[in-house]
Amino acid sequence: MASKLTFDTDWTYAPAPEGTANVKLEKRYGLFINGRFTEPKSGKYFRTISPSTEKKLADVADAGPDDVDRAVKAARRAYDTVWSKMKPSERGKYIFRIARIVQERSREFAVIESMDGGKPIRESRDVDVPLAAAHFFYYAGWADKLDYAFPGKSPRALGVAGQVIPWNFPLLMAAWKIAPALATGNTVVLKPAETTPLTALKLAEVIAEADLPPGVVNIVTGAGETGAALVNHPGINKIAFTGSTAVGKKIQSDLAGTGKKFTLELGGKAANIVFEDAPIDQAVEGIINAIFFNQGHVCCAGSRLLVQESIATSLVQKLKDRMETLIVGDPLDKNTDVGAINSRMQLKKIEYYLKLGREEGADMYQPACTLPEKGFWCRPTLFDHASQSHRIVQEEIFGPVLTIQTFRTAEEAIEKANNTPFGLSGGVWTDKGAKIFEMTSRLRAGVIWANTFNKFDPGSPFGGYKESGLGREGGMHGLLPYLSLN
Amino acid sequence: MTTSELILPAMASVTRVDTVGVEERVGRFQTRSIKRDSKVTALKLALSMIDLTTLEGRDTDGKVRQLCYKARHLHDALPDIPHVAAICVYPTLVGVARRALEGSRINVASVATAFPSGQSSKKVKIDDTRFAVSEGADEVDMVISRGAFLEGEYAAVFDEIAEVKGACGEARLKVILETGELGTLDNVRRASVLAMHAGADFIKTSTGKVEPAATMPVSFVMLQAIRDYFYATGRMVGMKPAGGIARAKQSWHYLVMLRETLGQAWMTSDWFRFGASRLANDILMQIAKERDGVYQSIDYFSMD
């Protein structure tokens with residue numbers, strides 16, 4: 001064993017909590033339908049809590065089928081009477097306005113995102129919120145240029161889009177969905193995830209403030225049943241879903257024969273491939289960002305590390321030392337690197353896989369960090385000496401859990417990387433340009449990063465192969481699912 | 001470790017460095033929020049790590065004696081202020097500093113080897129080193145032959161460092177890479193590996209006479225090289241960023257980087273130094289501000 005470093009230092013960082021004084025949350029949120037908040041016809045509400053304290057943040061309406069129906073009808077009316085008749089450049093102005101208001105209120109959005117979802121403020125402040133604003137800015141620009149995106153065609157809006165989004169990037173996913181839908185001239189009914197509805201409801205406030213015509217964007221909160229009611233509503237022309245592969249499959253079968261267009265952005269089990277000629281220390285940092293970003297609640301997380309055998313021992317040692325320096329705790333602390341697991345349910349699922357990994361014989365390693373008593377927490381974890389037949393290698397864990405396998409040749413790396421039902425993303429680390437092109441053209445995944453990981457840009461399309469989904473979001477490609485070209 | 005045991009590793013096999021990745025990680029260090037007690041602790045630690053430096057042609061005995069007094073008494077108006085780690089001067093002024101610092105635990109460091117350019121014969125460099133040590137230097141800050149390094153004459157650079165180390169005797173050797181002349185982070189990494197294998201006790205970024213001097217990315221690459229050398233050999237090597245660090249805030253950025261790269265064992269003046277002349281006063285101003293809640297005028301702090 002090589003010499004050991006110790007990161008249990010005399011000098012530590014004092015708590016640096018982000019202030020919550022300027023954050024205004026209602027005690028109770030209704031449904032945002034036809035431009036204003038209304039009581040649910042269902043009469044039901046559910047609680048949304050902070051996963052880091054388990055304290056209630058607000059009560060949120062639980063939309064029943066009647067509520068979904070109201071929302072879809074409002075969206076249809078808005079489409080027929082206003083939105084489809086508006087000049088595209090005017091439509092663009094509204095989206096620009098949303099983008100600007102999100103930017104102006106970015107701090108408030110970041111704090112609420114961290115409170116409701118458990119992600120570190122560093123990420124919600126530096127990634128989620130700026131990217132959400134960037135998506136609105138980007139698609140606002142397309143609104144009056146659709147003819148140029150599809151030369152020789154006559155792109156037309158579809159009508160009402162039903163959109164169901166997950167809990168890992170609540171505001172960002174809302175932006176990914178709403179921005180292209182509006183730019184292409186569709187109206188929207190959006191259902192945020194039940195554990196993280198608050199930033200979508202704050203976005204409803206922004207939409208009202210931007211003076212969007214009533215009914216153009218409707219936001220209905222609820223759990224799976226609400227989502228199913230939306231997906232199966234006959235008044236919907238297009239479904240956009242981001243979430244688990246299991247639910248994605250169900251949606252695809254429900255939609256068969258209905259004529260509704262759909263895009264699905266589902267699970268992943270990305271291979272992050274590190275060659276011996278890579279810039280090793282930057283690769284280590286990339287591996288950390290790939291799997292521990294947002295507690296590993298990332299569909300494109302680099303959850304399978306494939307490392308060339310000649311460097312495996314030293315790379316794993318560096319990974320372990322780097323993990324010792326990760327600060328796990330209060331999401332609102334500006335120094336926190338890894339926040340809270342999003343829900344008790346998700347924590348149970350991750351813990352199931354931690355137990356399974358040990359039973360399967362992989363070597364588990366976790367840093368010595370102390371965890372808060374209240375709330376849902378999981379230490380950053382790696383499983384060394386994992387093998388292709390382990391379920392921890394095959395199945396999506398959606399938590400801060402990395403499996404490590406070695407490979408000898410590029411051929412073997414490709415084979416292992418592609419040997420999965422998923423195909424959302426991947427990473428390649430090498431100093432050789434030719435090797436990057438060789439690997440990226442043979443990896444069957446929608447997004448592949450070279451010498452970096454988890455980088456996003458509104459101009460770049462995103463989506464999966466195989467069970468990771470259908471269709472692309474982002475970029476010019478992201479316009480197509482919301483348009484008819486005939 | 002004798003000179004005959006030292007082996008130059010293959011420079012081509014030294015790991016590559018990706019600049020984009022380095023800058024991204026450095027950005028993370030800089031956004032660590034350091035507040036209250038944590039800030040004061042860091043600032044005092046930084047003060048204790050300073051090599052208070054004067055390296056001017058116009059330096060005089062009197063100037064050096066004043067600096068030595070400052071080294072022992074940074075700011076007597078504030079309580080619990082540590083003294084700096086060392087005074088860093090030219091070889092001819094080592095004797096003056098030695099006498100002025102008698103009875104203190106502050107080291108005398110001397111630059112040597114035809115500082116700052118290193119453009120002289122090996123014999124002159126060795127003699128320069130021997131002179132500094134004979135005058136009483138506890139530490140020698142040598143420069144590498146950048147021309148030879150950039151030409152790929154690694155063995156020549158390696159031998160020179162090893163011989164200077166031999167001439168140092170008991171004195172600790174800091175090897176200045178002059179990273180501002182090395183051009184790439186790949187070269188910084190290679191030069192670090194080379195210097196450590198040749199026997200360096202410390203590796204140091206810059207002479208302070210070339211721009212850019214110390215930067216966070218360059219220092220980070222050197223810290224990572226130190227870590228890998230420690231993993232492989234178990235020998236600790238110190239780090240000294242020098243030049244361009246004048247602000248208190250920069251000092252805690254460096255300490256954050258040190259803490260998260262090498263950890264506890266390096267968080268002392270035995271293993272980490274700041275080569276700086278203006279840094280001390282800015283840190284003192286910040287400490288006074290933390291105590292009083294308001295900034296004091298620069299005129300309250302001595303300018304030695």
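Start by selecting B:Ile87 and B:Val108: in β3(B), B:Val108 is the bridge partner of B:Ile87. This is a predicted model, where local features need pLDDT of at least 70, side-chain atom pairs count only at pLDDT 80 or more, and totals for chains, interfaces and linings use all residues. Residues are numbered from 1 along each chain as its sequence is written, while chains are lettered from A and ligands numbered from 1 in the order in which they are written.

Now show β2 (residues 86-89) and β3 (residues 107-111) of chain B, two parallel strands joined by four bridges. Helices (H or I, at least four residues) and strands (E, at least two) are DSSP runs, numbered from the N terminus.

Widen the view to the whole sheet. How many strands form it? Eight do, in the open order β7-β6-β5-β4-β3-β2-β1-β8 of chain B, with parallel pairing (strands pair if DSSP finds at least two bridges between them). At the edges, β7 (238-240) and β8 (274-276) of chain B each pair on one side only.

Next, pick helix α3 (residues 61-72) of chain B, which packs on the sheet and touches β1 (50-53) and β2 of chain B. Its direction makes about 160 degrees with that of β2(B); axes are lines fitted to C-alpha atoms, for helices over the stretch in contact, and angles run from 0 to 180 degrees between N-to-C directions.

Finally, turn to the two chains: 27 residues of chain A are in contact with 31 residues of chain B (C-beta atoms, placed from the backbone, within 7 Å). On the chain A side, select α10(A), which gives the largest share, five residues.
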